[in-house]
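Please open the model in your viewer and keep the sequence panel in view. The stops below are given as selections.

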Amino acid sequence: MARIVMKFGGTSVANLERIHNVARHVKREVDAGHEVAVVVSAMSGKTNELVDWVQTMPKVAGADSPFYDAREYDAVVASGEQVTSGLLAIALQSMGINARSWQGWQIPIKTDNAHGAARIQEIDGSDIVRRMGEGQVAVVAGFQGIGPDNRIATLGRGGSDTSAVAIAAGLKADRCDIYTDVDGVYTTDPRIEPKARRLKKIAFEEMLEMASLGAKVLQVRSVELAMVHKVRTFVRSSFEDPDAPGMGDLLNPPGTLICDEEEIVEQEVVTGIAYAKDEAQISLRRLSDRPGVSAAIFGPLAEAHINVDMIVQNISEDGSKTDMTFTVPSGDVDKALAVLGSNKEKIGFDVVQSEKGLVKVSVIGIGMRSHAGVAATAFKALAEKGINIKAITTSEIKISILIDGPYAELAVRTLHSCYGLDKN
């Protein structure tokens, strides 16, 4: 017998028929004798609808300002998960399974006070553990908790993944199964490279890089939590037949296991290729090369909540001037330029230039730690395809390359092939 947390995303619970299918997945684990908690998202599209209602209400009410109270935003958007948890509990009860729905505040999942983007601080799972020991399935509304002000707080988009991993850690679960519309983590996006392979296992660090660099399978914070608390996490498909052979395998169910690297016996040099579209590059020309200039640039950008990624600095021959180039999401370019313009005198740059429509392609693998020449292989392969590199950043287990947007798919396929990821 094991203790399992199962999480189902919006597409998996998009309608009543799919919720019934989810109930069949849950029943399979209950029938196997496991203790089960289920975390659910809102039905597909429902959160977007609720957010739109919140944003439109001030206009309908004739307010001069489009702003609204974040606490009421949370009260509205958290209702989507409440509906799903109740419906799934009803489906399970209708199939003869003892089940009960739980909202975040009932557990309780305690968060900080950052409404709309709260972080989990503490989970008291003792009541759920007791009920699970009595044979009851806990159906938990994801994406939500309770803040210090005793009001519902939501965890930000994709927060149900974070809820599931946090609950798995809090309940000391044997594993956390994240059911989604894909059947695992692939070496790259199969829509771009049909030869992409499903990975049997991937290390926490690799998955964290994949998620933060463009892969949409899991939310970044959920991977961080899984890594910190060593929660073995499976990515699985909710659209496979719940009773298909192997679906009930406790140790090796179909999907991808995200785990500690010590569990991965044979590590590939490169595990996967990720990409992020809609990147933009900003360059500050002829800066004075003096202490504090970087803080003068990136401090105001951070205060404006602009996420800066790749940073490249060039120093002139006499060491008196420097150029600073960095990337931001394309949607933040105008905001970043306004911040830099208002701080021009303090920063001391001559001219600012920007370019949108770029793509960041990243090569990721724990095996890179002990192998030389990984970067050179990428640079040579891209050069042979005539792809110009605008910027490069590296870490112990990744290489990120900035290129022009139209070359994105060619670059992904080229790198996927040159590292042998298209071979079984």
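The tour goes from the domains to their interface, then to an annotated site, a loop, a strand and a helix.

This is a predicted model, in which local features need pLDDT of at least 70 and side-chain atom pairs count only at pLDDT 80 or more, while totals for chains, interfaces and linings use all residues. Residues are numbered from 1 along each chain as its sequence is written, and side-chain values use heavy atoms, with hydrogens and water left out.

**Domains**

Colour residues 3–262 as domain 1 and 272–419 as domain 2; these bounds come from an automatic or database domain assignment. The centres of the two domains, taken over C-alpha atoms, are 33 Å apart. Domain 1 gives 16 residues to the contact and domain 2 gives 19 residues, where contact means heavy atoms within 4.5 Å.

**Interface**

Show the surface between domain 1 and domain 2: about 1500 Å² is buried there, and carbon and sulfur atoms give 62% of that area. Buried area is the accessible area (1.4 Å probe) that two parts lose on being put together, summed over both. Three salt bridges are found across this interface; the rule asks for a side-chain nitrogen of Lys or Arg within 4 Å of a carboxyl oxygen of Asp or Glu. Next select Arg-369 and Glu-205, which form a salt bridge with their closest N and O atoms 2.9 Å apart.

**Annotated site**

Select Thr-47 and Glu-81, where UniProt (unreviewed entry) places the feature "binding site". They span 35 residues in sequence, yet no two of their C-alpha atoms are more than 8.7 Å apart, so they gather at one spot. UniProt positions are given in the numbering used here, feature names are shortened, and annotations may be inferred rather than shown by experiment.

Thr-47 lies in helix α2 (residues 46–60) and Glu-81 in helix α4 (residues 79–94). Helices (H or I, at least four residues) and strands (E, at least two) are DSSP runs, numbered from the N terminus. Thr-47 is buried, with a relative accessible area of 10%; Glu-81 is buried too, at 3%. Buried means under 20% relative accessible area, exposed over 50%, and partly exposed in between (1.4 Å probe, protein chains only).

Leaving out residues up to four places away in sequence, Thr-47 touches Ala-42, Glu-81 and Arg-157. On the same basis, the contacts of Glu-81 include Ala-42, Thr-47, Phe-143 and Ser-160.

**Loop**

Go to Gly-156, in the loop between β8 (152–154) and α6 (159–170). Gly-156 counts as buried, at 13% relative accessibility. Beyond its neighbours within four places in sequence, Gly-156 is in contact with Gly-116, Ala-117 and Phe-143.

**Strand β12**

Select residues 256–259, strand β12: Thr-256 and Ile-258 point one way, Leu-257 and Cys-259 the other, and all are buried. In a regular strand the side chains alternate between the two faces of the sheet. Add strand β10 (residues 201–203), which pairs with β12 in the parallel sense over three bridges; two strands pair if DSSP finds at least two bridges between them. Lys-201 stands opposite Leu-257. Then add strand β11 (residues 233–237), which runs antiparallel to β12 and is joined to it by three bridges. Thr-233 stands opposite Ile-258.

**Helix α9**

Finish at helix α9 (residues 293–303), where Val-293, Ala-296, Ile-297, Phe-298, Pro-300 and Leu-301 are buried. Their cover includes β13 (272–288), β14 (311–315), β15 (321–329), α10 (333–342) and α11 (344–347). After α9 comes His-305, which has a positive phi, near 60°.
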